[in-house]
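Colleague: I am new to this structure and would like a close look at one part of it. Please take a pair of packed helices and the core around them.

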Amino acid sequence: MPEDKARFKCLRCGAEFELPYTPGKVEERECPECESNSVRRIKEPTQSKSG
Amino acid sequence: MNISAPDSAVQAYPLADGLSQAKGLTGAVMVVGGGIAGMQAALDLADQGFKVYLVETKSAIGGKMAQLDKTFPTNDCAMCTISPKLVEAGRHPNIQIMTDTEVRAVRGQAGNFTVTLHHAPRYVDISKCIACGDCAKVCPQVKPDEFNFGLVHRHAIYQPFPQAIPAAYVLDMDTCLGNNPRACGKCIEACEKHCIDLDATDHDVEFTVGTIVIATGMESFDPLGMTEYGYGRMKNVITAMEFERLASSGGPTGGDIRRFSDGRRPKSIAFIQCVGSRCEGPGNSYCGNICCMNTIKDSLLLKDHWPEIDVTVYYIDLRAFGKGFEEMLKRSRQLGVRYIRGIPGEVEENEDQSLTLHVENTETGLVEQHQTDMVVLATGVQPRAEAYDLNKLLSLQLHPEGFLLEAHPKLQPVDSPVRGIFYAGCAEGPKDIKETVTQASAAAGRATRLMSQGEIAADPYTVEVDQDRCKACGLCLKVCPYGAFEWEKGAKAKPLEALCAGCGTCAAECRFEAITPHQFSDAQLMAQVEASLARDPEQKAVVFACNWCSYAAADTAGVSRFQYPANQVLIRTMCSGRVDEKFILRAFELGAPIVLVSGCHFVDCHYIDANRQTVKRVEKLWDKLESWGIRPERLQLEWISSAQGQRFQKSMEWLDKLRREVTPREIAQTKRILKQKLHPPKPKKQADRKGVTANA
């Protein structure tokens, strides 16, 4: 599985940052600002195929 | 204000069920693997009166140690050390050696594992065979001898090695001219004891054991893929194990070191370390543990026997860390062995079949060319394929390097994550003979501790499945780190009590509420949530803390006198994996401004990897909350180890800050949303909507 980067948001301090990300892989992630593990991936909005 | 967890615990107490139940167990052990680890564990257990089934896939026990010449650090003869063990294991009344046998299935639980073994035919009756060798003398078929790494040949009917136990011959039917139709049969004619049966067939055997010791050992790395060293192409490049057979007095050359190309004794020998170890490319990333000392031992052996041979060792760094190891290295240097820091990038064969090594000497920074008569590759160690199969059969776990993962690397180093199954030797990781024997005795001790009670107390933290509620979806088995369910497609799940460690992840994931963990049932945990939030819920933060790390971290913070806001309610679960979505939503529904799910860091998870399931669940819940119009920030996730009292303190301070940001209006809105989502009004009957009653 190729490892890529994705944007994450800390649900504790609100910081946004990039971390390595592999779809389907569960990893222990930590906010680089406040060290919280409440780190949520910012999902890209789904792009419409039409038009 | 001080809100204590005991308030909520009191609500849960009347719902607690019984603690443990004692069950009878089988006082027999299956030891898988007949190398030095397996033999030591078997002998220790057998000496204590337990029946031991010593299962070996090959035709003789002895393992890798039987192939060695000398062993470090004492340089004593490997065969002289292992032979008495072989004989003792072969003669012990409590040990049943089962060679040519592999484990096919294991069912049941600690105390009573039912194992199914597949026994391949040997074609020679070991109870009659006296290993006279008359059969082999007349056998016309030959093939390279595996025990000697193909350096010599053996017949189709052969004894694996002279000291082999069982002391009997074995017929290799793939090499034999065959029995259907019989093409030869000379061995049968030669055998006076009539112990050869070409019609023998394979069969399965089944028995019950109380515990299992896994001692499947290791394999040497095969350097064929590392083409830069020319192994397989150049006759005078050999592996360390092949060198052992050459050096052994029982080996093909009677202990004389000779070149394969011309049969003459080499004037110079080069050892290349870390072949297949600490590699980025082909090979393994980890250290083989034993290769440095094995080479030092070989260098001493060469200098003792043939001081005129020029010995050079090429290395990255030398790992001589054990008792007596550094002294061996010093002695080797004193005897004139040259140590060059640098691994050759290439080995070239010259016209006279001597070899040129191209190496960057990292001490001088120069690229050098060295000529030598023979190269020995100090090949690394890797797990045997058999361990992979057992891992699947027994729901064990593998380390990323492929070795079996212990229940705890420091406190339970010979226990598997499955109760009643123990590890001995290199199946768990590369190690030398001394460490292997130590671990084997430890595994035997752990198995004895379990079986000597005569009965086994089932862990109180197991689960129960309500067969009426179970919808046979199989999700419980999928999420269980221990595979502690009997389940087949379409069939209802049955928990395997002794495999279950009680994390409760299955219960949190079951969509049909069919699973009840003893001591941590839905009713108990819900009672704690409700009792905690019975008064002033908006002032509180609900913290679900796992027993082993987060809850212990709260203790650490307490005894360390770390100050933090006192308005948290701690609800203990055995694992964060037990924290069901409905507990969190119920807390929000009752007016909790903030909820924290906390557990062990990934590497510390006491239930293998159950907290990965926690992450998946919390991530889904963040999405769900957001889609319902509830801020996901109100659900927090933290990994806090038991030693991290300060991290716990900091988390609680943050939690209080986040709590204060939640307004009474937001809480009221959340309550309304959850009421709608969790308890939607029942749709009116169609007849009512039409304004027509059933009676009308």
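Modeller: What follows describes one helix pair, then the core, then two single residues.

This is a predicted model, in which local features need pLDDT of at least 70 and side-chain atom pairs count only at pLDDT 80 or more, while totals for chains, interfaces and linings use all residues. Residues are numbered from 1 along each chain as its sequence is written, and chains are lettered from A and ligands numbered from 1 in the order in which they are written.

Two packed helices are described by the angle between their axes and the distance between the axes. In chain B, helix H2 (residues 36-47) packs against helix H3 (residues 78-91) at an angle of about 50°, and their axes are 10 Å apart. Helices (H or I, at least four residues) and strands (E, at least two) are DSSP runs numbered from the N terminus. Axes are lines fitted to C-alpha atoms, for helices over the stretch in contact, and angles run from 0 to 180 degrees between N-to-C directions. The angle makes H2(B) oblique to H3(B); under 35 degrees counts as roughly parallel, over 145 as roughly antiparallel, 65 to 115 as roughly perpendicular and the rest as oblique.

H2(B) brings Ile36(B), Met39(B), Ala42(B) and Leu43(B) to the contact, and H3(B) brings Ile82(B), Lys85(B), Glu88(B) and Ala89(B). Residues are in contact if their C-beta atoms, placed from the backbone, lie within 7 Å. By class, this contact has six nonpolar, no polar and two charged residues. Ala, Val, Leu, Ile, Met, Phe, Trp, Tyr, Cys and Pro count as nonpolar, Asp, Glu, Lys and Arg as charged, and the others, Gly among them, as polar.

Leaving aside neighbours within four places in sequence, Ala42(B) touches Val31(B), Val52(B), Leu54(B), Ala89(B) and Ile95(B). Ala42(B) is also one of the residues with the most contacts inside the largest nonpolar core, which has 183 residues. H2(B) gives the most to this core, with eight residues. A nonpolar core is a set of buried Ala, Val, Leu, Ile, Met, Phe, Trp, Tyr and Cys residues joined through C-beta atoms within 7 Å.

A residue is buried if 20 or more other C-beta atoms lie within 10 Å of its own, exposed if 12 or fewer, and partly exposed in between. Ile214(B), in strand S14 (residues 211-214) of chain B, counts as buried because 30 C-beta neighbours lie inside 10 Å. Ile188(B), in helix H5 (residues 186-190) of chain B, is partly exposed, with 18 other C-beta atoms within 10 Å.

Methods. Two residues are in contact if their C-beta atoms, placed from the backbone, lie within 7 Å.
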